[in-house]
Amino acid sequence: MKIILPVKRVADPNAAVKIRSDTSGVKVDIVRMSLNPFDEAAVEEAVRIKEHGGADEIVVVTIGPNAASDILRTALAMGADRAILVETDLQVQPLAVARILTRICEREKPDLILTGRQSSDNDNAQTGPMLAQMLGWSQSVGASQITLNERLVTVCCEVENGTQTLAVPLPAVITADLHLNQPRYVTLPALMKAKRKPIDIMSVGDFSVDLETPLATVALREPPSRALGIQVQNITQFLDKILTVQGAL
Amino acid sequence: MTVLLWAEHDGRCLSPAVSRAVTAARQLDLSVHILVAGVSVDAIANEAAMLAGVEKVLYAPHPAFAHNLVEPIAALLAQCGRSCQAIVAAATAQGKAIMPRVAAALNIPQISDVTAILSANRFERPVYGGSLLQTVECAGPFVITTRPVSFVPTGTQKSAPIETLAIEATPSAVRFISASFSDTDITNARVVVAGGRGVASREGFSLISALAKKMGGAVGATRAAVDAGFALNEWQIGQSGCTIAPDIYIAIGISGAIQHIAGIRDAKCIAAINKDPQAPIFRIADIGLVGDLFTEVPKLLEELKKRGIG
């Protein structure tokens, strides 16, 4: 059973991002980059499936700049077997990402594709389901629990105010919620060992996928800040102030 | 030129997010058509026809559309939306699952989680966990999902015409097994009381639940509290949980991480109790009390009782 893990290199979610002076984007040159935490959960799940004998090979794929090999090394250190880097310095939109991944999957023939529900930078949550559609596969989105039984996956996903349990037949695309698991720490020995695992570098031009998009980001701004709040001294004042909110209780 | 809107429902009534999505769709300057798919849901089709701004209801009765199973609904939306300028759904869990498939099927872009419609082809949406707002422009047809709390519900109108579609649908290969829901709807609650890691235990969370109940509100939690096992998944608020905009949000033992703030930024009034005066939550709270929640929350319950509230 082969698992493919599409992953993304993003600005570290705990870093405060700053907007470039031309407001066209975010200053990524000064911020720490890391593996998208949603994708990290997917990688962890794949490794656990393999450790339980449910998979033979885990391949991690990313579309990004040459420096993105750092997150591939992280995934390899976590337990993936090999990696593919589709090199480009361009910002590739989800539709084109999904098309490139479709080509790769047609060649690699995986049984299961695991990826994060969204990337913590753009929060689009599109690539997973788009890929499933292009492959003509079943999907499950926002998984908080995955149980693999031969060719059938029981998935528990988060929905509004609750959870939904589905039986998803392979081949399928499943996207991971952060609740899926607690990813392992990558140890230095694991990182050293991972240097021996192969990273296959390709160019985005190898795929004859149209990267043109009708979408353009025209501005970026910080959300309006709230007026300064007040500190109260005790619970009576706390409740008094809350009750002034009109029509509240 | 039309916009096609997917009417999400649970088999009994429309999701409250649909009315808000209609408000958004009306801002696109297009004729609003709404698609209701399901089994024995004529009542829902009638409900949809009375949402102000809807010009026509497309009604697709077929067993393949039960349980909001994704693949058949996406195929139907792509089929019906092929000549539309826009296809819209609320950015609920189901909307997020279905709409990218529609975009991929039609080879058009999707703009997710729109919080403001600036013009017929210009949208604002949150990025970086809500710490920034991005303005996006699209030339040509598109799919959008709209953030429910960012749009008010639309009004009512005399019933628009309902057209029943004769469709063939391939059932999903995915099988629905079960679903479980909590009693309160956190996304539509006017009061939310939430606990963070500071609550320290599941027993501690019973204080949060008691306070929520007394204030007639819903219980919420941070990701840290959920991961630590003190709180249920469905209570989670933030970048990977839900986004809410209640009238009152009370944050108890919550430090105020960026990803959590993303989910509460549009609350009318944010009140926080935390024993750390440096906690980031105090930078966005309207009302702050530095104190130990295990002392202050019981005092608050007592005070509410004294005033005959709850």
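Q: Which residue in S11(B) is the bridge partner of A:Gly162?

A: Strands of a sheet pair through backbone hydrogen bonds, either parallel or antiparallel. Here the partner of A:Gly162 in S11(B) is B:Phe181. S9(A) and strand S11 (residues 175-181) of chain B run antiparallel and are joined by 6 bridges. Two strands count as paired if DSSP finds at least two bridges between them. Strands (E, at least two residues) and helices (H or I, at least four) are DSSP runs numbered from the N terminus.

Q: How should the numbering and the values be read?

A: Residues are numbered from 1 along each chain as its sequence is written, while chains are lettered from A and ligands numbered from 1 in the order in which they are written. The model is predicted, so local features need pLDDT of at least 70 and side-chain atom pairs count only at pLDDT 80 or more, with totals for chains, interfaces and linings using all residues, and side-chain values use heavy atoms, leaving out hydrogens and water.

Q: Which strands form the sheet that includes S12(A), and in what order?

A: The order is S12(A)-S8(B)-S7(B)-S6(B), an open sheet of 4 strands with antiparallel pairing. S12 of chain A and strand S6 (116-119) of chain B stand at the edges with a single partner strand each, so one side of each has no neighbour in the sheet. From one strand to the next the twist averages 30 degrees. Angles run from 0 to 180 degrees between N-to-C directions, and axes are lines fitted to C-alpha atoms, for helices over the stretch in contact. S6(B) is joined to strand S7 (residues 122-127) of chain B by 3 bridges, antiparallel. In S7(B), B:Glu124 stands opposite B:Ala116.

Q: How many strands does the open sheet with parallel pairing in chain B have?

A: It has 7 strands, in the order S5-S9-S4-S1-S2-S3-S10. Strand S5 (110-114) and strand S10 (162-164) of chain B are at the edges, each with a single partner strand, so one side of each is left without a neighbour in the sheet. Neighbouring strands are turned by 25 degrees against each other on average, direction ignored. S5(B) pairs with strand S9 (residues 142-146) of chain B in the parallel sense over 3 bridges. B:Val143 in S9(B) has B:Gln110 opposite.

Q: How many residues does each chain bring to the contact?

A: Contact means heavy atoms within 4.5 Å. Chain A brings 77 residues and chain B brings 91 residues. The buried area, meaning the accessible area (1.4 Å probe) that two parts lose on being put together, summed over both, is about 7100 Å² between chain A and chain B, with 56% from carbon and sulfur atoms. A:Asn161, A:Arg226 and A:Ile235 supply 11% of the area that chain A buries against chain B, more than any other three residues.

Q: How many salt bridges are there between chain A and chain B?

A: Side chains of opposite charge can pair when their charged atoms come close. A salt bridge is a side-chain nitrogen of Lys or Arg within 4 Å of a carboxyl oxygen of Asp or Glu. The count between chain A and chain B is 3. One of the salt bridges in the model joins A:Arg226 and B:Asp286, at 2.7 Å from N to O. Over all chains the count is 27 salt bridges. A:Arg32 and A:Asp12 form another, their closest N and O atoms being 2.7 Å apart. These two residues are 20 residues apart, both in the loop between strand S2 (9-11) and strand S3 (33-35) of chain A.
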